[in-house]
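Biologist: Got a minute to walk me through this one? I'd like to start with a single residue and then move outwards.

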Amino acid sequence: MEYLFNKDTMNHVISRIVVSNTGPMISALQSNCMHILLQLYDRIYIPVDEIQEYRKHGADQEIGKLIESGFIVVHQDFVPEENEAAKVIAAEIADHHLTREKNPEHHLPEAFAIVLMLGKSSQAVELLIDELAARDAAHRRKIPIIGFPGILVRACWQRIIEPEDVLLALTECQRQGTHYSTKLINEVYRSLKDSSKRL
Amino acid sequence: MKKKYEPHEPDEELLSAAEAIQDAKNSEARWQRFEKDQRICRVLVELPEPAFSKLEKLALQRKRTVSNLVEEVITDLVDTFVLPEEKA
């Protein structure tokens, strides 16, 4: 089967590229759902600033393996204009009425993820992001976004997983401290159950 | 024992169910547009275990994804078997 992976064959491979903030990746690891991201996407770009966050979350080994495999690509060569743009976005997120952490430095990783999406050469189709303030900043810049619960919903629609798997995944994230509300989990589950009944 | 990961920014507000469903709808529409632009058709392939796990492991070893691998295999099959017949 070696012949399948030569350069000629790879030319017609279509890449489904996205950019991700730290939150959805951590949720995928917490709920053992990385296989869903691996089915929906071919490559995930992350800004280098996220690496220290994965270390803090105890996820650096798992993310390291995905970087080694080429599934996650770390972007670090930001030009001065992009660094400035990230600082502006980070300040905007910090200043948002929904943000509790008011130090802009703290929001640089998600700001750089937004900057990556804004890059002219970016082929990324959407940004994976959960926090409301950062989603707002992305939305204002017309950046297409999806959060981890939305990814699970899509996976369910595509029959990669069942509504019960979505319930279990979000509940496990919540159990490990991720701020998905019980209302969100129950409503998403009910909606998926209702739509599966209609099929 | 299952590994636990520290939550990301547990104090910050996250999205609602309505936003999650809307995310999924918007995303689905985006990827359908992407597929149309790239002239690709989505195919559902259901693999029994352990075939899927093995394919997933192989894909990671080869620095590919499962979707990539399946896409490559099917494309090569078409190139090898279908196109010569069409040319004849």
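**One proline, then the rest**

Modeller: Start with Pro109(A): beyond its neighbours within four places in sequence, Pro109(A) is in contact with Asn21(A), Thr22(A), Pro47(A), Asp49(A), Glu50(A) and Glu53(A). Keep in mind that this is a predicted model.

Biologist: Which helix is Pro109(A) found in?

Modeller: Helix α7 of chain A, which covers residues 108-118.

Biologist: And is Pro109(A) buried or exposed?

Modeller: Buried, because 23 other C-beta atoms lie within 10 Å and the cut-off for buried is 20 or more.

Biologist: How far apart are Pro109(A) and Ile63(A) in space?

Modeller: They are 16 Å apart, C-alpha to C-alpha, with their positions 46 residues apart in sequence.

Biologist: Switching to the sheet in chain A. What is the strand order?

Modeller: The order is β3-β2-β1-β4-β5, five strands in an open sheet with parallel pairing. At the edges stand β3 (72-75) and β5 (145-146) of chain A; each has a single partner strand, so one side of each lacks a neighbour in the sheet.

Biologist: How many bridges join β1 to β4 in chain A?

Modeller: Three, between β1 (residues 17-20) and β4 (residues 126-128) of chain A, and the two strands run parallel. Within that stretch, Val18(A) sits opposite Glu126(A) of β4(A).

Biologist: OK, chain B now. How many helices and strands are there in it?

Modeller: Chain B has three helices and zero strands, so along the sequence the pattern reads α-α-α.

Biologist: Is chain B compact or spread out?

Modeller: Chain B is more spread out than a compact globule, because its radius of gyration is 19 Å, well over the 12 Å that the globule rule gives for 88 residues. Its C-alpha atoms fill a box of roughly 65 × 35 × 20 Å along the principal axes.

Biologist: What share of chain B's residues is buried?

Modeller: Buried residues account for 19% of the 88 in chain B.

Biologist: Last topic. How many residues of each chain are in contact with the other?

Modeller: On the chain B side 40 residues, on the chain A side 54. In chain B, α1 (17-37), α2 (51-61) and α3 (66-87) each supply at least two residues of the side that touches chain A.

Biologist: Which of those gives the most?

Modeller: α1(B), with 11 residues.

Biologist: And how does that side of chain B divide by residue type?

Modeller: Into 16 nonpolar, nine polar and 15 charged residues.

Methods:
Residues are numbered from 1 along each chain as its sequence is written. Chains are lettered from A and ligands numbered from 1 in the order in which they are written. This is a predicted model: local features need pLDDT of at least 70, side-chain atom pairs count only at pLDDT 80 or more; totals for chains, interfaces and linings use all residues. Two strands pair if DSSP finds at least two bridges between them. Helices (H or I, at least four residues) and strands (E, at least two) are DSSP runs, numbered from the N terminus. Two residues are in contact if their C-beta atoms, placed from the backbone, lie within 7 Å. Ala, Val, Leu, Ile, Met, Phe, Trp, Tyr, Cys and Pro count as nonpolar, Asp, Glu, Lys and Arg as charged, and the others, Gly among them, as polar. A residue is buried if 20 or more other C-beta atoms lie within 10 Å of its own, exposed if 12 or fewer, and partly exposed in between; C-beta atoms are placed from the backbone. The radius of gyration is taken over C-alpha atoms; the globule rule is 2.2 Å times the number of residues to the power 0.38.
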